[in-house]
Amino acid sequence: MKLVIFGLTVSSSWGNGHATLWRGLLKALAARGHHVVFFERDVPYYAMNRDLHALPGGTLVLYPDWELNLPAARAHLADADVAMVTSYQADGVAAAELVLQSPAAVRVFYDLDTPVTLDALSSGREVAYLPPRGLADFDLVLSYTGGEALRQLQTRLGARRVAPLYGHVDPDVHRPVAPDESYRADLSYLGTYAEDRQAALERLFIQAAHGLPEQRFLIGGAQYPQAFPWADNVWFRKHLPPEQHPAFFSSSRWTLNVTRRAMAEMGWCPSGRLFEAAACGCPVISDAWEGLDAFFAPGAEIVIARDTDDVVAAMRMGGVERDAMARRARERTLDEHTSARRAAELESLLDAAFGAAEGAADSPETEWRAQGTVVEG
């Protein structure tokens, strides 16, 4: 298949969670014999932090202006099997219109930020990447989030056929490596600053640092404000490109996962960082949200923390128990949460959408289930 995708970014991992996911997924699709053309607007902040300049097995198109980009976009769409536009695409509305007018057999919208999208709609805020008619005209709507989010994509945005495509990890990139002293930490946290994560980060990370002053805490990420409540035993490393993530995680006794507020409230939204850390063999402490137990077994593969005391208790766990937990999480990740696994799932979803377009779809009475089967309206 030829897939033409209009997305936020694949070329820069700075300040976003999309790029690393796309790199793993597109690599896996190429290995399955598919060709992907990825369009992203060449914006200054990604250009200054670009850590990928070509798409192995595919085509990367960086364009400075939508109108100037139209001839190339139309040319690639002319023989595309699948045309896709994603959340936070810089020219999302125009790209969606072009995708929907294209001759591609399957037109797809992939919301990698579904709870944020739905939260904005509930608050009456404009969602700049949504078409005026919502999602009713797409043959398939993919969601980074499962559960109730799938139902709301139908009822609130008119999606006819929806399915989750969850986060994942490329184990060729994220794997155990030798520890690096510059990343040494008793508890680490890797993530771009987000105001709606701040309360949980302070409760589960900063307050734990205050309670364990003899231990070393490390934050890695971009866009942290000067007013961030640092502590004497909290160190900071500015944005780390993906190739440095294995050393970051492999140098931590524990790492913390904190989910954005809207995503935690919606549930069924595992961060790619969860899978990255587990693939690197680092034991994970995570905030709590509905559906997490579908991805990792609490207490056996991951620690769930609701307050500071839970984090402190985990950090006092014996090394044998901690290492066994990390080993089980890594095995689960390599079995169920790799980019190759998601590419196969995407291929199946697209095949089903092709069948629906040809009038050979399964009965529209397909049952909706929270863990994420296809939902048909």
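**Figure 1. Strands E4 and E5 pair in parallel in this predicted model.** Strand E4 covers residues 82-86, and 5 bridges link E4 to E5. One bridge pair can be named: threonine 86 has tyrosine 110 of E5 as its partner. Between the two strands the chain passes through helix H4, residues 92-101. This β-α-β crossover from E4 to E5 is right-handed.

**Figure 2. Strand E5 is largely enclosed by the rest of the structure, because 6 of its 6 residues are buried.** The strand spans residues 106-111. In a regular strand, side chains alternate between the two faces of the sheet. Val106, Val108 and Tyr110 point one way from E5. Arg107, Phe109 and Asp111 point the other way. Both sets are buried, the charged-residue names Arg107 and Asp111 included.

**Figure 3. E5 also pairs with strand E6, again in the parallel sense.** Strand E6 covers residues 140-143, and 4 bridges join E5 to E6. Tyrosine 110 stands opposite leucine 142 of E6. Tyrosine 110 is also the E5 partner of threonine 86. Helix H5, residues 114-122, sits between E5 and E6 in a β-α-β unit. That unit is right-handed.

**Figure 4. A separate view shows an open sheet of 6 strands with parallel pairing.** The strand order is E10-E9-E8-E11-E12-E13. Strand E10 (234-237) and strand E13 (303-304) are the edges, and each pairs on one side only. At the E13 edge, 2 bridges join E13 to strand E12, residues 284-286. These two strands run parallel. Isoleucine 285 has valine 303 of E13 as its bridge partner.

**Figure 5. Helices H7 and H10 lie across strands of the open sheet.** Helix H7 covers residues 195-211. It lies across strand E8 (185-190), strand E9 (217-220), E10 and strand E11 (252-257). The angle between H7 and E8 is about 170 degrees. Helix H10 covers residues 272-279 and lies across E8, E11 and E12. H10 runs at about 160 degrees to E12.

**Figure 6. Helix H7 meets helix H11 at a right-handed crossing.** Helix H11 covers residues 308-315. The axes of H7 and H11 come within 8 Å and cross at roughly 60 degrees. That angle makes H7 oblique to H11. On the H7 side, the contact involves Arg203, Leu204, Gln207 and Ala208. On the H11 side, Thr308, Val311 and Val312 take part.

Methods
Residues are numbered from 1 along each chain as its sequence is written. This is a predicted model: local features need pLDDT of at least 70, side-chain atom pairs count only at pLDDT 80 or more; totals for chains, interfaces and linings use all residues. Side-chain values use heavy atoms; hydrogens and water are left out. Buried means under 20% relative accessible area, exposed over 50%, partly exposed in between (1.4 Å probe, protein chains only). Helices (H or I, at least four residues) and strands (E, at least two) are DSSP runs, numbered from the N terminus. Two strands pair if DSSP finds at least two bridges between them. A crossover is right-handed if, with the strands pointing away from the viewer, the path from the first strand over the helix to the second runs clockwise. Contact means heavy atoms within 4.5 Å. Axes are lines fitted to C-alpha atoms, for helices over the stretch in contact, and angles run from 0 to 180 degrees between N-to-C directions. Angles under 35 degrees count as roughly parallel, over 145 as roughly antiparallel, 65 to 115 as roughly perpendicular and the rest as oblique. A crossing is left-handed if the near helix is turned anticlockwise from the far one by less than a right angle, and right-handed if clockwise.
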